[in-house]
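Q: I have a structure here that is new to me, and I would like to go through it with you step by step. Could you take my questions as they come?

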Amino acid sequence: MTSLDLAVVGNCGFGALIDPLARIVWACLPRFDGDPFFSALLKGNGEPDAGFWSIDLIDLESSEQRYRRNSAVLETVLRDVHGGAVRVTDFAPRFRHHDRMFRPTMLVRKVERIAGTPRICVRLRPTSEFGAERPLTSRGSNHMRFVTSHSVMRLTTDAPLTYVASEQSFALERPLHFLLGPDESLTGSIAGTLEAFLQDTERYWSDWSRQLSIPFEWQEAVIRSAITLKLCSFDETGGILAAMTTSIPEGPDSGRNWDYRYCWLRDAFYTVHALNRLGATRTMEGFLSYIANIVAGWSGGDLQPVFGIGLETDLSEQGVESLAGYRGMGPVRIGNDAFRQIQNDGYGSVILASAQSFFDLRVGKPGDVSLFRLLERLGERAARLWDSPDAGLWELRTRKSVHTYSSLLCWAGCDRLARIARQLGLEPEVRHWSETAARIKAGVLERAWNQRHGAFVQTFGGEDADASLLLMPYLGFLDAADPRFTGTLAFIEQELKVGGHLFRYSAPDDFGSPGTAFNVCTFWYIDALAAVGRIEEARALFNAMLACRNHVGLLSEDLDPATKELWGNFPQTYSMVGIINSAMRLSMPWEEAF
């Protein structure tokens, strides 16, 4: 059965998902939001007829899979019933070459015998037009070409092409090398080029990981999360996508199938915060540049909540009939109509993320008065809309309310503008934004409070709990010791906690009541427990969440509290950020470690 026991390889231009049997089942080309060249992940239940690239070991008995230490290079070992074994090494080249980053749209595979006399079958069955068509193929002496309506890909290999083209099984007697990339001739030897690419790519990731600031505890989990977060960034613009997939349902047959291959403003501050704590300044600066471009291009109307990785604004949603969906659970959607929604938290999210550039001396392009003036335009919008109905950060599609979280972010944006103004020595602006923030805060404290529950609730005048309100101390709105926050924490525990995991909310929405927990909300809960002094409880829950990761340490968006099965788009940037932030908060300090 298809599952999210998947590993990720990529190079910050595109990514691919590989299952425990070394089958590439998802890869959109030439970039994250493109047409899936490998689409088997969404081709229904059972054995797909196309959309994958497998290295099948005849008479397979078992497999094991791991990343090479501190890298994005994946190794899968396949063992047969006769004692034979092969190792498949997968990666996408990424390294510095001629003073620029070399990251071609290329998947590289090395297959080598490590025991016995194994027989393999190479099956390379790409798709195009979202699974509706198979590319036309042609052959050369050492390559195969795959021609689609919008691209041409070339497989260059020293494997017997006759066997590859006919999917004939054969004995693996020597290492085989495969490079699938642009339709260009390879000037060097196939094996020599692959080995050089492998060495340089592994060195790049090792050097990148070595520069991270990590906690003393849970180092492996943090490094893997950091590498995955980096893999979900798009070098050309600095954008960081929410996930590499579309339409993995949030729960079985839920209909909550969305395209997450885009950049949400709501994620901006928390992602920047995680990158800052990691010391991943170049990635952080790239993302800040992406955000700054959104600010500079904003016309002054409603700020859309989600953009394409190339700053695209039209993300019109449509169904794809040619793909049956994950385990046959459609629909499959491309595009996301959330870009049309009113989500008033976006103004504050952008200001909070951008504030880093005014205070961080490592940033190559520090914030200045001109950027501040642009952010003030967002602040004026937040000050006007803080108590206006919107779809909320959970993107309800059929109704609007005044969401407390949106109001919190409007307050936070104005509060940070006052701090930035103070940093810039702009005293009139300090007074203006401080007074504006105080006015919004007073309104939130009065109108979002539910006396009967003794807690802040999801909407002004409402009755329901919302996990996003766990972020009140994190945002600086209330001290964690404030009885109003501890009351809110207790209410959320009562309403949203199921078996150590947190739901976003429990009230029915457009699709009924949610059936799975939202992983980042569980990390918010863990952080809130730590903030109120329940450290041991927080540590226990954090370790339990780490146990819910898949076999290579990755998380999706959602999780079934009963079965611990992962659901939702994958790998989920927000979930990986949650691991990083919680580990940083909970770990024993290095100073106390020895």
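A: What follows is a short conversation about a predicted model, taking up its empty spaces, its aromatic rings and a few single residues.

Q: Let's start inside, then: how many cavities of 30 Å³ or more does the structure hold?
A: There are five cavities of 30 Å³ or more in the model, and the largest of them has a volume of about 220 Å³.

Q: And which residues lie nearest the centre of that largest cavity?
A: Its lining is made of 18 residues, and those nearest the centre are Glu250, Trp258, Trp394, Glu395 and Arg504. Sorted by class, the lining of the largest cavity has nine charged residues, eight nonpolar ones and one polar one.

Q: What about the second largest cavity, how much space lies in there?
A: The second largest cavity holds about 80 Å³ of space. Among the residues that line it are Tyr270, Tyr474, Phe523, Trp524 and Tyr574, and its lining divides into eight nonpolar residues, two polar and one charged.

Q: Which helices supply at least two residues each to that lining?
A: Those are helix H12, which covers 519-531, and helix H14, which covers 573-586.

Q: Okay, moving on to pockets: what volume does the largest one have?
A: The largest pocket has a volume of about 630 Å³. It is lined by 24 residues, and Met101, Tyr204, Trp208, Lys230 and Arg282 are the closest to its centre.

Q: Which elements give two or more residues to the lining of that pocket?
A: They are strand E10 (95-97), helix H2 (190-210) and helix H5 (281-297), with H5 giving the largest share, six residues. By class, the lining of the largest pocket has nine charged, eight nonpolar and seven polar residues.

Q: Changing topic, how many aromatic pairs are there?
A: The model holds 33 aromatic pairs. One of them joins Trp53 and Phe178 in an edge-to-face arrangement, with 6.0 Å from centre to centre and 80° between the planes.

Q: Why does that pair tie together parts that are apart in sequence?
A: Trp53 sits in strand E6 (residues 52-57) while Phe178 sits in strand E18 (residues 176-182), so the pair links parts that are 125 residues apart in sequence. Trp53 and Phe178 are both buried.

Q: Which rings are linked into a cluster by ring pairs?
A: The cluster consists of Phe269, Tyr270, Trp394, Tyr474, Tyr505, Phe518, Trp524 and Tyr574. Several of these names have come up before: Trp394 is in the lining of the largest cavity, and Tyr270, Tyr474, Trp524 and Tyr574 line the second largest cavity.

Q: Phe269 and Tyr270 are in H4, so is that helix mostly covered or mostly open?
A: Helix H4 (residues 268-278) is mostly covered, with eight of its 11 residues buried. Phe269 and Tyr270 are among the buried residues, as are Val272 and Leu275. After H4 comes Gly279, whose phi is positive, near 75°.

Q: One last residue: where does Ser254 lie?
A: Ser254 is found in the loop between helix H3 (219-231) and strand E19 (263-264).

Q: Does Ser254 count as buried or exposed?
A: Ser254 counts as buried because its relative accessibility is 19%, and the limit for that class is under 20%. A polar atom of its side chain lies 3.1 Å from the backbone oxygen of Gly251. Leaving aside residues up to four places away in sequence, Ser254 touches Pro249 and Phe511.

How values were computed. Residues are numbered from 1 along each chain as its sequence is written. This is a predicted model: local features need pLDDT of at least 70, side-chain atom pairs count only at pLDDT 80 or more; totals for chains, interfaces and linings use all residues. Side-chain values use heavy atoms; hydrogens and water are left out. On a 1 Å grid over the protein atoms alone, a cavity is a set of points where a 1.4 Å probe fits but cannot get out, and a pocket is an open set with protein on both sides within 12 Å along at least five of seven lines; lining residues have an atom within 4 Å of a point. Grid points are joined across faces, edges and corners, and a volume is the space filled by probe spheres set on the points. Ala, Val, Leu, Ile, Met, Phe, Trp, Tyr, Cys and Pro count as nonpolar, Asp, Glu, Lys and Arg as charged, and the others, Gly among them, as polar. Helices (H or I, at least four residues) and strands (E, at least two) are DSSP runs, numbered from the N terminus. Buried means under 20% relative accessible area, exposed over 50%, partly exposed in between (1.4 Å probe, protein chains only). A polar contact is a pair of N or O atoms within 3.5 Å; within protein, one must be able to donate a hydrogen and the other to accept it, and residues adjacent in sequence count only if both atoms are side-chain atoms. Contact means heavy atoms within 4.5 Å. Rings of Phe, Tyr and Trp (its six-membered ring) pair if their centres lie within 6.5 Å; planes under 30 degrees apart count as stacked, over 60 as edge-to-face and the rest as tilted.
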